[in-house]
Amino acid sequence: MAKYTLTDGFVKKIQPEERTRIYFDDHKDAPKGFGLRVTPAGYKAWILNYYVRGRERRLTLDKGYPAWGPKKAREEAS
């Protein structure tokens, strides 16, 4: 799984692809499993993957990009 440091400039430049893609954040303040989901339609949603009883779950945060930048989204995910 590739990780990226999600900055405002990086997130702004991400272009949608044919399939939904998730960019996991490698920033020092990012909680484990935090990332950005980009859909083929171009919607950018902040997500947090976590585990409950050994099963992976995914939470989509209330606001996507650009309503919340990476810093605000990291704070909310924490």
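Leu48 sits in strand S4. This residue counts as buried, at 12% relative accessibility. The model is predicted. The protein has two helices and five strands. From the N terminus, these elements run β-α-β-β-β-β-α.

**Leu48 and its surroundings**
- Relative accessibility under 20% is the cut-off for buried, so Leu48 qualifies with its 12%.
- Setting aside residues up to four places away in sequence, Leu48 touches Pro31, Lys32, Gly33 and Phe34.
- On the same terms, Leu48 also touches Arg57, Arg58, Leu59 and Ala77.
- Ala77, one of those partners, is itself a buried residue of helix H2.
- Pro16 is 32 residues from Leu48 along the chain, and their C-alpha atoms are separated by 20 Å.

**Overall build**
- The radius of gyration is 12 Å, close to the 12 Å that the globule rule gives for 78 residues, so the protein is as compact as a globular protein of that length.
- The C-alpha trace spans about 35 × 25 × 25 Å along its principal axes.
- Of the 78 residues, 37% count as buried.
- Take the contacts between residues at least 6 apart in sequence: 28% of them join residues at least 24 apart.

**Surface and charge**
- The protein exposes about 5,400 Å².
- Carbon and sulfur atoms supply 47% of that area.
- There are 17 positive and 10 negative charges.
- The mean positions of the positive and negative charges are 3 Å apart.

**Val38 in strand S3**
- Strand S3 covers residues 34-38, and Val38 belongs to it.
- Val38 is buried, with a relative accessible area of 2%.
- Beyond neighbours within four places in sequence, Val38 is in contact with Ile14, Pro16, Arg19 and Thr20.
- The contacts of Val38 also include Arg21, Tyr23, Tyr43 and Lys44.
- Two of these partners, Arg21 and Tyr23, fall within strand S2, residues 21-25.
- Lys44, another partner of Val38, falls within strand S4, residues 44-52.
- Met1 is 37 residues from Val38 along the chain, with 16 Å between their C-alpha atoms.

**Helix H2**
- Helix H2 runs over residues 70-77, and Pro70, Ala73, Arg74 and Ala77 are buried in it.
- These four cover an arc of only 100° around the axis, which puts them on the same side of H2.
- The cover over the buried residues of H2 includes helix H1 (8-13) and strand S2 (21-25).
- Strands S3 and S4 are also part of that cover.

**Helix H1**
- Gly9 lies in helix H1.
- Gly9 counts as partly exposed, at 37% relative accessibility.
- Partly exposed is the class between under 20% and over 50%, so Gly9 belongs there with its 37%.
- Arg37 is 28 residues from Gly9 in sequence and 16 Å away in space, C-alpha to C-alpha.

**The loop between S4 and S5**
- Arg53 is found in the loop between S4 and S5, and Gly54 lies there too.
- Arg53 is exposed, with a relative accessible area of 83%.
- Gly54 counts as exposed as well, at 69% relative accessibility.
- Phi of Arg53 is near 50°, a positive value in a residue other than glycine.
- Most residues other than glycine have a negative phi.
- Gly54 and Arg21 are 33 residues apart along the chain, and their C-alpha atoms are separated by 23 Å.

**The loop between S5 and H2**
- Pro66 is placed in the loop between strand S5 (55-60) and H2.
- A cis peptide bond joins Tyr65 and Pro66.
- Omega of this bond is about 15°.
- Most peptide bonds are trans.

Notes:
Residues numbered from 1 in each chain as written. Predicted model: local features only at pLDDT ≥ 70, side-chain atom pairs only at ≥ 80, totals over all residues. Heavy atoms only, no water. Rg over C-alpha atoms; globule rule 2.2 N^0.38 Å. Buried < 20%, exposed > 50% of the residue type's maximum accessible area, 1.4 Å probe, protein only. Contact = heavy atoms within 4.5 Å. Areas by Shrake-Rupley, 256 points an atom, 1.4 Å probe, with all protein chains shown as cover. Lys, Arg positive; Asp, Glu negative; His and termini not counted. Charge placed at Lys NZ, Arg CZ, Asp CG, Glu CD. Arc of directions from axis to C-beta.
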